[in-house]
Amino acid sequence: MASDETYEKLIALLDEHGAAYRTIDHEAEGGTEAVSRLRGHELAQAAKCIVIMVKLGKKTKRFVLAVVTGEQRVDLAAVKGLLGGTYAGFAAQDIAEQLSGCASGTILPFSFDPELELIVDPALLDHPEFFFNAARLDRSLALSTSDYRKIAEPRVEAIGVSGSPA
């Protein structure tokens, strides 16, 4: 898995843009609720990053990196509708890890692959900073939300729904 390489790429990108961020080392944890407790913040400030596969036809698929808050789950119907798809579901773990360059539980809210479209729920952008595992289970980043928007240039759409985290 290229997680170390992805981590280095992320830090280089943030430094290149002068982003305001800080690293937080903690016990190895990939679950959003548990890692949010370790980092000491509300679930609303956690970025949950999930790779979604959307079928556009019998032979055409697109992949979306859906980013929602820790309190939300991804609204698959909303993602399907945004892309005009016929089906949306969670991408297979090997595909998600290949496209994101990260192990499951450490996927970043950044896409370094042109095949992976980044869509972020606006609720995540309500706070001055947010938190995510930084391509590692034992290190997280707290990142300035305004810097994130400038650097990642995510498509912002309502793709999160309240409910038990998925």
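These legends walk through several views of one protein chain, starting with the whole fold.

This is a predicted model, in which local features need pLDDT of at least 70, side-chain atom pairs count only at pLDDT 80 or more, and totals for chains, interfaces and linings use all residues. Residues are numbered from 1 along each chain as its sequence is written, and side-chain values use heavy atoms, with hydrogens and water left out.

**View 1. The whole chain, with 5 helices and 10 strands.** Helices (H or I, at least four residues) and strands (E, at least two) are DSSP runs, numbered from the N terminus. The C-alpha atoms fit a box of roughly 45 × 30 × 30 Å along the principal axes. The radius of gyration is 15 Å, which agrees with the value near 15 Å for a compact globule of 166 residues; it is taken over C-alpha atoms, and the globule rule is 2.2 Å times the number of residues to the power 0.38. Of the 166 residues, 49% count as buried, where buried means under 20% relative accessible area, exposed over 50%, and partly exposed in between (1.4 Å probe, protein chains only). Contact means heavy atoms within 4.5 Å; among contacts between residues at least 6 apart in sequence, 71% join residues at least 24 apart.

**View 2. The largest nonpolar core, with 34 residues.** A nonpolar core here is a set of buried Ala, Val, Leu, Ile, Met, Phe, Trp, Tyr and Cys residues joined through side-chain atoms within 4.5 Å. Val51, Phe110, Phe132 and Tyr148 have the most contacts inside this core. Among the elements that give two or more residues to the core are strand 2 (47-55), strand 3 (61-69) and helix 4 (93-100), while helix 1 gives the most, with 5 residues. In soluble globular proteins, nonpolar side chains tend to be buried together.

**View 3. Valine 51 and its partners.** Leaving aside neighbours within four places in sequence, valine 51 is in contact with Phe63, Val64, Leu65, Phe90, Ala91, Ala96, Leu99, Ile107 and Leu116. Another core lies apart from the largest one and has 12 residues, among them Ile50, Ala66, Val68 and Leu83.

**View 4. Phenylalanine 112, in the loop between helix 4 and strand 6.** This residue is partly exposed, at 30% relative accessibility. Its C-alpha is 8.5 Å from that of threonine 6, although the two residues are 106 apart in sequence. Beyond neighbours within four places in sequence, phenylalanine 112 is in contact with Thr6, Lys9, Leu10 and Leu13.

**View 5. Threonine 32, in helix 2 (residues 32-39).** Threonine 32 is buried because its relative accessible area is 17%. Not counting residues up to four places away in sequence, threonine 32 touches Leu43, Ala46, Lys48 and Gly70.

**View 6. Two residues with positive phi, alanine 135 and glutamate 153.** Most residues other than glycine have a negative phi. Alanine 135 has a phi near 65° and is found in the loop between strand 7 (129-133) and strand 8 (139-144). Glutamate 153, with a phi of about 45°, has its place in the loop between helix 5 (145-152) and strand 9 (155-156). Is each one buried or exposed? Alanine 135 is buried, with a relative accessible area of 3%, whereas glutamate 153 counts as exposed, at 64% relative accessibility.
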